[in-house]
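User: Please take a close look at the charged side chains of this model, and at one buried salt bridge in particular. I would like one connected account of that part and of how other charged residues compare in their surroundings.

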Amino acid sequence: MAFITANWNPMGDAFYRKTELYQMSWNIRDGLGDSLVAAAPYGGPVALLREPHRRSPSSRPQLEIYSASGASITSFPWKSGPVVHLGWSVSDELLCVQEDGTVLIYDLFGSFKRHFSMGQEVVQSQVFEAKVFHSPYGTGIAILTGSSHFTLATNIEDLKLRRLPEVPGLQGKPSCWVVLTQDRQTKVLLSTGPELFVLDNTSCTAVCPPGLSPQAGSIVHMSVSFSYKYLALFTDTGHLWTGLSNLQDKLSGVDTNQKETPKQMVWCRRPKTQQPSVVLMWDRLLLVVGVCNDTIQFPLEDQSVLVGELDGVRIISLTSQELLQEVPLVCQDIFKIASMAPGALLLEAHREYEKCSQKADEYLREIKEQNVLGDAVQQCVEAAGHEYDTDTQKALMRAASFGKCFLTEFGPDPFVTTCRELRVLNAVRETSVGMPLTHTQFKQMTLQVLIDRLVYRQFYPLAIEICRYLKIPDYQGVSRVLKHWASCKVQQKDLSDEAIARAVCLKVGDSPGVSYSHIAAKAYECGRTELAIKLLDFEARSGEQVPLLLKMKRSQLALGKAVESGDTDLVYTVVTYLKNEMNRGDFFMTLRNQPVALSLYRQFCKLQEQETLKDLYNQDDDHQELANYYIMASYREKRLESRLSHLQSAIDEYNKAKNDFAVKATEDEMRLLRFQRKLDDEKGAGLLGLSLQGTMEALMSLGLHKQAEQLYRDFKVPDKRYWWLKLKSLAEKEEWEELEKFSKSKKSPIGYLAFVEICMKNNNRYEAKKYVCKVTPEQKVKAHLAVGDLEGAADTAIERRNESELGAVLSRCSASDHLLVDRLNRARVNSSKK
Amino acid sequence: MAAHLSYGRVNLNILREAARKELREFLDKCAGSKAIVWDEYLTGPFGLIAQYSLLKEHEVEKMFTLKSGRLPSADVKNIIFFVRPRLELMDIIADNIFSEGKLHSSRDFHILFVPRRSMLCEQRLKEQGVLASFTNIDEYILDLIPYDGDLLSMEYESAFRECYLENDLTSLYHTAKGLMTLQALYGTIPQIFGKGDCARHVANMMLRMKREFAGTQNQILPVFDTLLLLDRNIDLLTPLATQLTYEGLIDEIYGITNGYVKLPPEKFAQKKQGEASKDLPTEPKKLQLNSAEELYAEIRDKNFNAVGAALSKKAKIISAAFEERHNAKTVGEIKQFVSQLPHMQAARSSLANHTSIAELIKDITSKFVLQLLCLSALVLPTSNFPVSASEAFFDNLTVEQEFMTGVDTDKANTYIEDSIAQKDPLIKILRLVCMQSVCNNGLKQKVLDHYKREILQTYGFEHILTLNNLEKAGLLKLQSSSRNNHPTIRKTLKLWMEDANEQNPNDISYVYSGYAPLSVRLTQVLARPGWRSIEEVLKMLPGPHFEERQQLPSGLHKKRQQGENRTTLVFFLGGVTYAEIAALRFLSQMEDSGMEYVIATTKLINGTTWIKSLMDRPEAQMP
C-alpha cells in the first residue's frame with residue numbers, strides 16, 4: 001500500500017498514473033502492425049482483421065474478436081470484399097466498412113446480422129477512408145470516397161445518407177480529418193496540409209485555429225476529445241496545438257520535438273479534470289503532453305493501440321493492457337505523500353486501529369477537532385470507487401466504515417451504493433469477463449447498458465446475478481436477460497424442440513415481462529415451427545399469440561387462443577381468416593367446436609350475411625332459432641304469399657322444436673293475415689298487418705260488428721278483453737244506447753266501474769251515473785267519486801266504515817264541504833275506535 | 001367544471017383528466033384545422049369527458065353527424081371520424097370518402113375508434129379500398145366514463161342483450177380492460193368478489209391481463225379495497241320494479257341520458273306579470289343532473305315522499321338567507337352579503353327547477369303520495385290532479401308490491417289483463433309479466449301461454465321474437481318442477497321490509513318503499529357479516545360466486561387509520577338503476593357501515609330502457 005504512489009507521474013500540479021488492467025490472454029504472433037484493429041470504448045471488445053489487403057483467394061484474411069482482456073470470442077476467415085475500416089456500434093455490433101461502400105454488421109460472436117450501403121456512387125469511386133463515431137443519435141459512419149467526397153450517416157439504425165459539400169481544391173486524400181458533433185450537428189473537420197476546413201451539411205468553411213502560427217507547419221494529425229469539446233492538432237514541425245473544437249479558444253501550444261507523424265493521438269481527460277493532456281504514440285514512444293506544457297514520456301516495448309475513454313486512455317499491447325489516467329483529485333488528497341486531508345488522516349487512523357495502536361485515537365481526535373469526519377468518510381468512499389486494486393478498495397472502505405462509527409448523522413446510502421457497485425465492477429473486470437470499466441465510466445454508461453453488454457456477451461448468469469444483487473425490478477433486469485437468453489437458446493440446433501421448450505419454460509417461468517411470443521417468433525425465424533408452437537403455449541397475452549399462430553398456419557389453435565383472450569375483435573379476425581382459408585363445411589365444423597366464436601360469427605351474419613345465418617342454424621339443428629329467422633324474414637317480404645310461405649316454414653321449424661305455443665300463434669297469424677287480406681279486398685278496410693286486437697278495433701269502428709265478433713270467437717279472445725274493446729269502441733262513437741244494451745247482454749266480466757269511467761272519459765256524466773249502482777260494493781266509493789258525487793261516496797264509505805276510503809273521500813273535499821268533512825272525520829274516529 | 005367528480009371518496013376526476021389528456025394528444029396529432037364526424041351514439045358519452053370548448057381549443061371548427069353521402073362542406077385540413085368499431089359504420093365512412101373523391105385531395109382523413117380499434121373494421125375499410133386514405137388510425141380507450149363523484153358508466157347500451165341473448169361477451173372484455181385502466185390509476189384492487197357467470201368471466205380476464213402486464217408493477221397505493229362484480233341476471237327483479245327515489249322517478253318518467261333530462265317546458269315558463277300564459281316555450285327544457293348541484297345531491301336519493309319536505313325546508317333556508325340583507329347594516333356586512341349572492345341565486349334557481357320537477361312528478365304519482373300521507377294522518381293540500389294518470393301509477397305500484405311480496409303470483413293477474421285490454425304501453429305490460437315470472441320463479445304453462453297470447457293478439461304477432469328473447473334472458477320462464485325458491489330468497493335476504501321508513505330511512509328498502517334491491521342486499525351482506533352466512537341463497541341464484549385476491553407489492557399494504565372506512569367498487573354487469581345507486585349511497589352514509597361504495601356499470605338503466613334493449617321489432621315491408 002505504501003507503493004500506491006509509485007506509478008504516479010507529476011503533470012503540472014496533478015499526477016498521471018498508468019495502471020495495468022490485464023495481462024492479455026491472447027496469443028498473437030505477428031503483432032498488431034499489419035492488422036486493422038477496432039477496440040470499443042467502455043472496456044468494449046477488440047476486433048482484429050489480419051492483413052486486410054492480402055487479396056489472394058487462397059489465404060483469406062482472418063477476422064478475430066476478443067474481449068478486452070484478450071479472451072478469444074470468435075475467429076473466422078473473411079470471405080467478403082476488402083475491408084477499409086472496422087468499428088463498433090453502441091450495441092456492441094461490429095461494423096465492417098468495405099471498399100465498395102457496403103457496411104456489414106456482425107454481432108459479437110461473428111454471426112452476420114445485416115448490411116447496408118453507403119451509396120451507389122461509392123461502388124465506383126471506392127471508399128478511401130472511413131470512421132465510425134458515436135453521438136447522442138447513436139452510432140454513425142463517415143466515409144471519404146475516392147472522388148474526395150464525404151458521406152455521413154449519423155445513425156446506422158435509421159439510415160439517412162448525407163453527402164457533404166465538396167472541399168474546394170481537394171484532390172485525393174486530405175492529410176487528416178475527424179468527425180465532430182457540435183450544436184446537434186455532425187460536421188467533418190479536415191486539413192489539406194496548410195489549410196483547415198469545417199464541412200457541414202450545406203457549406204465548406206475555411207477556418208483558422210486561434211494562435212496557431214503559420215510557421216508551425218501543416219497539420220498532419222488531429223484528434224477530438226471523447227466529448228467532442230476539445231481539439232488537438234499536430235503539425236509536421238512537431239508542434240501540438242490544443243484548444244476548443246469550435247476553434248474559439250486556444251488552450252496551449254507545445255513543441256514536442258518529434259518530426260514524425262504520430263501513429264495515434266488521443267485526448268486524455270477526465271470529468272473535473274485539472275490537467276488534461278494529449279497522448280501521442282509513435283512506434284517506440286508514448287508521449288503525454290499536458291495542456292500545462294508538462295510532458296511525460298513512456299517507452300513502448302511493442303506495438304500498441306490507444307483507446308480513448310471518458311476518463312483516460314487504454315493502451316493495448318500484445319502482452320498487456322494498461323489504463324493511463326489523471327489521478328482523481330480525491331485519490332491525490334488521500335494518497336499524496338504527507339497529505340493532511342481528512343481522508344488521509346482517517347485512513348491512517350484506521351491503519352493504526354488495526355494495529356491496536358492508540359495513535360488511532362490521536363488521528364481521530366485531529367479529524368474531529370477540525371470537524372471534518374464526515375468529509376473524511378466521504379473522501380474514503382469516493383476514492384475507493386476510483387481504485388482498481390481490490391486491496392486498496394477494501395482498505396478505503398474499511399476506513400470509511402470505521403469513521404462512520406463516530407458519526408451520528410451520516411446517510412448510509414453513498415457507502416452502501418459504492419460497496420455494491422464495486423462488487424459489480426470487480427466482477428465484470430475479471431479476466432474471464434474482461435470489461436475493464438472504471439467507476440466513472442460505469443456511472444456514465446448506466447447499469448442498464450452494462451447488463452445489456454453482459455447479455456450481448458452471453459454472460460447470462462452473471463447478468464442475472466447482478467440484477468438480483470442490485471435489486472433491479474424484474475421487468476428491467478432479470479426478465480430482459482432471460483428474454484435474450486431464451487432467444488439465443490432456441491437457436492441451438494443440437495437440442496430437441498422438447499428439450500429447449502422445457503429448458504426455456506423452466507428458466508423463464510412466469511417472469512414478468514418476458515414475451516414468449518417474442519421467443520417463439522425467433523424460433524419460427526430459425527425454421528422451428530413446432531418449437532414456436534410449444535413456446536407460444538406459455539404466452540399469457542393472446543393478442544401476441546394469435547398473429548404468429550396465423551402466420552404459422554395454425555389457425556385452429558389461433559382460434560382457441562383468441563377465444564381464450566376474451567378479445568372479441570381478435571376472435572373475429574381469426575374467424576375471417578378461417579373463412580377465407582377453409583371450405584365452408586370445415587369452417588362450420590371448426591366454429592362448432594368453439595361456441596364463443598360461433599356466436600360471434602352469428603352476430604356478424606345477423607348484420608352482414610342473413611343467408612349464412614340460416615345455414616348455421618340448419619347445421620346446428622337449432623329449429624327454434626331457425627323458426628325465428630323465418631319470422632324475421634317474413635317481415636322483409638313485400639308480398640303476402642311469400643310472407644305466408646315464410647311463416648309456414650317457421651311453423652315447420654317450431655314443430656320440430658316442439659314449441660306448441662309458437663306453432664299455434666303462427667298459425668293464428670297466418671289465419672289472421674288471410675282474413676285481413678280478404679276483408680281488405682272486399683271492403684278496403686286497410687287491416688293487413690294489424691294485430692288481432694287492432695283488427696277488431698278497426699272493424700268495430702267501421703261498424704263491422706259481425707266480423708269483429710267472428711274474430712272474437714274464432715280466435716278465442718278472452719271475454720274481458722273483448723268487453724273492454726267493445727265498451728271503448730261504443731263509448732268513443734257515443735252509441736250510448738248500444739252501450740246500455742251491451743251492458744245488459746250478460747253479466748259484465750269486467751265489472752261496471754269500467755262503464756262509469758269510460759262514460760266520464762267521454763264526458764257523459766248522465767250515462768255514467770246509470771252504471772254506478774251496478775258497481776260492486778268495494779268499488780262503489782270510487783265510482784261515486786268518479787262521477788263527482790261526494791255525498792254518495794261519503795255515504796258509501798261511512799256505511800262501509802273503511803278508513804282508507806274515508807280518507808280518499810276526505811282528500812277530495814274542499815273547504816266549502818265542511819259539513820261533509822265533519823261527518824267523515826267523525827266516522828273515521830269511530831272506525832278507528834273499533 | 002367537473003369539480004363534482006373529485007368530491008367523493010375516490011377522486012374520479014383523475015380518470016376524466018386522463019381521458020381528456022389522451023383526447024388532446026390525439027387531436028394534436030392531426031395538425032391544422034379539423035372537422036369531426038361523429039358516430040351519433042358517442043356524442044352523449046363524450047359530453048361527459050370534454051365539452052366543445054376543449055375541441056375548439058384544438059382547432060376543431062366543425063362537427064357533423066356520420067351519415068351516408070357527401071360530407072357537408074367545410075374548409076378544414078383534417079376530417080376525423082369518431083366512431084365505434086362497427087362494420088355498418090365503416091361502410092358509411094367508405095361512402096363518405098368516395099363521394100369526397102378527388103375534390104379535396106389535400107385533406108387528411110383520420111379515424112378514432114372508441115373504445116378500441118378493431119382489425120375487423122380495418123379489414124372492412126381495406127376491402128372497400130379506403131384504408132389507405134387514412135393518415136391516422138387510432139383508438140381512444142374510453143371504457144369507464146366518470147359520471148358523477150361515485151359513479152362510472154361505460155354507457156354500453158347493448159351489454160345485457162349481448163351477454164345474455166347473443167353470447168357475445170365483447171362488453172365484458174371492455175369491462176375488464178376498463179378495470180385494468182382503473183387499477184393503473186388507482187392501484188391494484190386487492191380483493192375481488194363476484195357472483196354470476198359474467199362476473200367470473202370478467203375476473204378471469206382481469207387476472208389474465210394482470211399476468212400479461214406482469215412486471216409493470218403498479219406502485220400506487222390502492223384506493224379501492226374491494227371489487228364486487230355482480231351479474232345483472234342474478235337480480236332480474238330490481239330493474240323491473242318502479243324506482244321510487246327522486247332521481248329514479250325522473251328517470252322512469254322522463255328518462256335521463258348521459259346526465260341530462262328533457263322535461264316538458266310548461267312548468268318552467270318564466271312567469272312574468274301580465275303575459276302569464278302567452279308564449280309557453282315549446283322546446284323541452286334540458287337540465288343537467290349531477291352532484292355539482294348542491295340541492296340535487298341532497299334530494300336525488302330520497303324517496304320521493306320525502307322530497308317535498310326537503311324542498312320546503314330548503315325554501316325556508318334560502319328565503320331566510322335572502323332576508324339577511326335587511327340585517328346587513330355595515331358596509332362590511334353588505335359586502336359579505338353581496339359576495340354570497342351568486343351562490344344564493346344559484347340555489348334559488350336550483351330550488352325553482354326542482355320544485356317544478358317535483359310537481360311534474362307529483363302529477364303522475366300523487367295517488368301514491370296521497371296514500372302515504374293519509375297513513376301518516378297529515379292534512380292534504382287540495383289540488384286537481386288528473387286522476388287517471390296517478391291512479392294508473394298507484395295501481396301499477398300495488399301490483400308490483402303484491403308480486404314482490406309473493407301475493408298470488410301463480411295466477412294470471414287481473415290488472416295485467418286489464419292493462420292489456422286498455423292497450424297500455426307494451427313495455428309496461430312486459431315489465432309486469434316478467435316481474436311476476438321472476439317473483440314466482442317462472443309461470444305455469446297455462447298462465448305463461450295466456451299472457452303470451454294476450455300480448456301477441458293485442459300488440460301484434462311480431463312480438464313473438466321479443467317474447468322469445470325475454471325467455472332466453474330468463475326474464476320470462478316456465479315454472480320447472482323444482483319449487484319456487486323466491487320466497488326463501490326473499491325471507492333470507494329480507495327483501496321485503498314492512499315498515500320502510502321513507503322520511504328517515506333505516507334500511508335500503510326505502511328506495512322501493514318496501515322492497516330492498518337484491519343486488520344491494522348482497523353487497524351489504526358481503527360487507528357484514530360476509531357471504532358465508534348466505535351460502536344457501538347464493539346457490540339458488542344463477543352462476544358461481546367467488547373470491548380472488550390480487551397480490552400487492554410489499555409496501556403497498558394499506559395501514560388503516562382507526563375508524564377509516566373501506567372502499568368497495570361495485571360493478572354491475574348489464575346495468576344498474578338509480579334506485580340501486582341510491583341504496584348503495586345510503587349504505588355508504590350509514591354511520592356504522594364502515595364501507596363506502598363507488599358504483600360502476602355497463603349502462604345506467606331502468607325497467608323501460610332495459611326491456612327495450614331486449615326487444616326485436618321487425619319492420620313490415622308490406623305496403
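Analyst: B:Arg300 is buried, its relative accessible area being 4%, where buried stands for under 20%, exposed for over 50% and partly exposed for what lies in between (1.4 Å probe, protein chains only). Its partner B:Asp148 is buried too, with a relative accessible area of 2%. The two form a salt bridge whose closest N and O atoms are 2.9 Å apart, a salt bridge being a side-chain nitrogen of Lys or Arg within 4 Å of a carboxyl oxygen of Asp or Glu. This pair links distant parts of the chain, 152 residues apart: B:Asp148 belongs to strand 6 (residues 145-148) of chain B, while B:Arg300 sits in the loop between helix 11 (294-299) and helix 12 (304-327) of chain B. Helices (H or I, at least four residues) and strands (E, at least two) are DSSP runs, numbered from the N terminus. Through salt bridges that share partners, B:Asp148 and B:Arg300 are joined with B:Asp150, B:Glu247, B:Asp301 and B:Arg585 into one network.

The model is a predicted one, in which local features need pLDDT of at least 70 and side-chain atom pairs count only at pLDDT 80 or more, whereas totals for chains, interfaces and linings use all residues. Residues are numbered from 1 along each chain as its sequence is written, chains are lettered from A and ligands numbered from 1 in the order in which they are written, and side-chain values use heavy atoms, with hydrogens and water left out.

Over all chains, a search of the whole structure finds 74 salt bridges, and some of them lie within a single helix. In helix 1 (residues 13-29) of chain B, B:Arg20 and B:Glu17 are three residues apart, about one turn of the helix, and their salt bridge has its closest N and O atoms 3.8 Å apart. Here B:Arg20 is buried, with a relative accessible area of 11%, whereas B:Glu17 counts as partly exposed at 36%. In chain A, A:Lys614 forms a salt bridge with A:Glu611, the closest N and O atoms being 4.0 Å apart; both residues belong to helix 19 (residues 610-619), where about one helical turn separates them. A:Lys614 is partly exposed, at 21% relative accessibility.

Turning to the surface, B:Asp75 is exposed, with a relative accessible area of 72%, and is placed in the loop between strand 2 (60-65) and strand 3 (78-83) of chain B.
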